[in-house]
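Colleague: I am new to reading protein models, and I would like a close look at one part of this one. Could you take me through the helix packing and then the residues around it?

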Amino acid sequence: MNRHSALALPVLLCVAGCTDGGGPQSPSSPPATVPAAAACDVAESAGHRYVSSVGRNGRYFEDQHGDPISIRGDSPWSGMADWSPEQAELYFANRAAHGFDAAIISAIAVPDNGGPNENGATFDGIEPFVDGDITAWNEPYWERVDEYARIACRYGNTLFLYPIDGWNLSSVFASATPEQAGVYGRMIAQRYARFPNIVWLTGGDYSPDTDDPAAGAESDRVLRAVLEGIRAAGSDRPFSIQLGPQKSLSTDNPFWEPLVDWNFVYTYLPTYEAVLDGYERPAGIRDPRPAVFAEGNYEGENNQPETAPTTDETLRRQALWALTSGSPGEFRGSDDWEFRDGWEARLDTPAVTQLRAIRDLWASWAWWQLVPDVDEPFVLDGRGTRSTDDEMVDVLDNDYVTAARTPDGSLAVVYVPTERTIRLALPLIPQGASYAWIDPADAAAPSLPAQVDRDGNVSTPGSNAGGAGDWLLVITG
């Protein structure tokens, strides 16, 4: 997805009132009074699961009951400003019907991230702040945000919410000081403290303008102050930052590395490269951390005109490379992130149907136990070429096989993106294991038997239902 033509990054202005120091900038005065929003009640949230914390081994998320929860995300960036209440209901109902359980969304949208107005006002003219003061909230605007958050809650959808992002940083928040940003962070955390379905994000195509990334830019200090306000209000929900394209992880930036709870993986390259990069980061005080494929090529968009168009196969490859490389779920998006006219009729696409079947299949396994076969290769021959640098290569121009297995060998999943023969490490497979090919273009269809010879060789079964050559080999024992 590209919220600007030709991948233009936001213009990051020096924020008035910022200091030059790199230390914490906590607000020195208490936040303005802000009413607590009425969260969805127990009956409305009953039976739903929401992302609540990072899992105990640092590789996945847990829900409010402490159980592993996979991200099945969509990216309705500007919905808070572009939707009517009826459209918000339609959107979340449709996504629930397709199995989505998470949404990337901005609290305030401007034209660069899909919104209708530079001042953050909604499509019908409701502004978020009084006279542009980010600590003086216009209650009708936030009542609408409340309503949409409750709708998402009723449909079991966790909002990965940006209180401030890289685009409104240079517009709505352009004159904000760190102190004001801290107050704003406290206010938003207090207002939504009773919502079970909100976690925190910041940034977004964000490349801070500084010669010393560790010390941070003026804009970093404003964004950090929002986070500090959120934490000061008592919210311990997971937090991360989205940096710039075309391949980045949140921990790439030394200013933000100590602060993020998980890695937002953002890449237009073959997704396994960035996800494995995050998965294999050297252990530190806060590692490991989940490495989530959260943005790549969007349906209906192509941000590299010199490459092939984004197809359903592109989208399948992105998701399945990520899942077999350690990502605890994934997000998808489409060219309707800014809700162009007629978006309601474009919610139900073949790619969404394919992804629903893939996600349902993944959820049927103990996916949180799968470990990418980095240290102990499971596929010995026929893997293709692994991309290991950041040179631009289209997703459809790479053929690398990815694989993951549980430590006890009871489950192994191999994603083969093109037709070929691969050779498996038979000593890692339990005696009497079952082998099956699953068509990722129609993962709900019956599987096909896979014939493995005495040397561990197995060949893909030809073209799949989408006319492509990608297949999933699933081994259970």
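Modeller: Here is a walk through two helix pairs, followed by some single residues. This is a predicted model, in which local features need pLDDT of at least 70 and side-chain atom pairs count only at pLDDT 80 or more, while totals for chains, interfaces and linings use all residues. Residues are numbered from 1 along each chain as its sequence is written, and side-chain values use heavy atoms, with hydrogens and water left out.

Let us start with helix H5 (178-191) and helix H6 (residues 218-232). Helices (H or I, at least four residues) and strands (E, at least two) are DSSP runs, numbered from the N terminus. H5 and H6 pack at an angle of about 40°, and their axes are 6 Å apart. Axes here are lines fitted to C-alpha atoms, for helices over the stretch in contact, and angles run from 0 to 180 degrees between N-to-C directions. The pair is therefore oblique; angles under 35 degrees count as roughly parallel, over 145 as roughly antiparallel, 65 to 115 as roughly perpendicular and the rest as oblique. The crossing of H5 and H6 is right-handed (a crossing is left-handed if the near helix is turned anticlockwise from the far one by less than a right angle, and right-handed if clockwise).

Which residues meet here? On the H5 side they include Gly-182, Tyr-184 and Ile-188, and on the H6 side they include Val-222, Ala-225 and Gly-229; contact means heavy atoms within 4.5 Å. The residues of this contact divide into ten nonpolar, three polar and two charged. For these classes, Ala, Val, Leu, Ile, Met, Phe, Trp, Tyr, Cys and Pro count as nonpolar, Asp, Glu, Lys and Arg as charged, and the others, Gly among them, as polar.

Now for the second pair. Helix H7 (residues 271-279) and helix H8 (residues 312-323) pack at about 25°, with axes 8 Å apart. That makes H7 roughly parallel to H8. In H7, Thr-271, Tyr-272 and Val-275 meet Arg-317, Gln-318, Trp-321 and Ala-322 of H8. This contact divides into four nonpolar residues, two polar and one charged.

Back towards H5, Asn-168 sits in the loop between strand E8 (158-162) and H5. Asn-168 is buried, with a relative accessible area of 0% (buried means under 20% relative accessible area, exposed over 50%, partly exposed in between, with a 1.4 Å probe and protein chains only). A polar atom of the Asn-168 side chain lies 2.7 Å from the backbone oxygen of Ile-108. Leaving aside neighbours within four places in sequence, Asn-168 also touches Val-110, Asn-113, Phe-173 and Ala-174, among others.

Phe-239, in strand E10 (residues 239-243), is buried too, at 2%. Beyond its neighbours within four places in sequence, Phe-239 has contacts that include Leu-227, Arg-231 and Trp-256. Its C-alpha atom is 9.6 Å from that of Ser-53, although the two residues are 186 residues apart along the chain.

Finally, here are some backbone details. The peptide bond from Pro-245 to Gln-246 is cis, with omega near 5°. Asp-131 has a positive phi of about 55° although it is not a glycine, and its relative accessibility of 80% counts as exposed. Phe-339 likewise has a positive phi of about 55° without being a glycine, but at 12% Phe-339 counts as buried.

Notes:
Polar contact = N/O pair within 3.5 Å; in protein donor to acceptor, adjacent residues only side chain to side chain.
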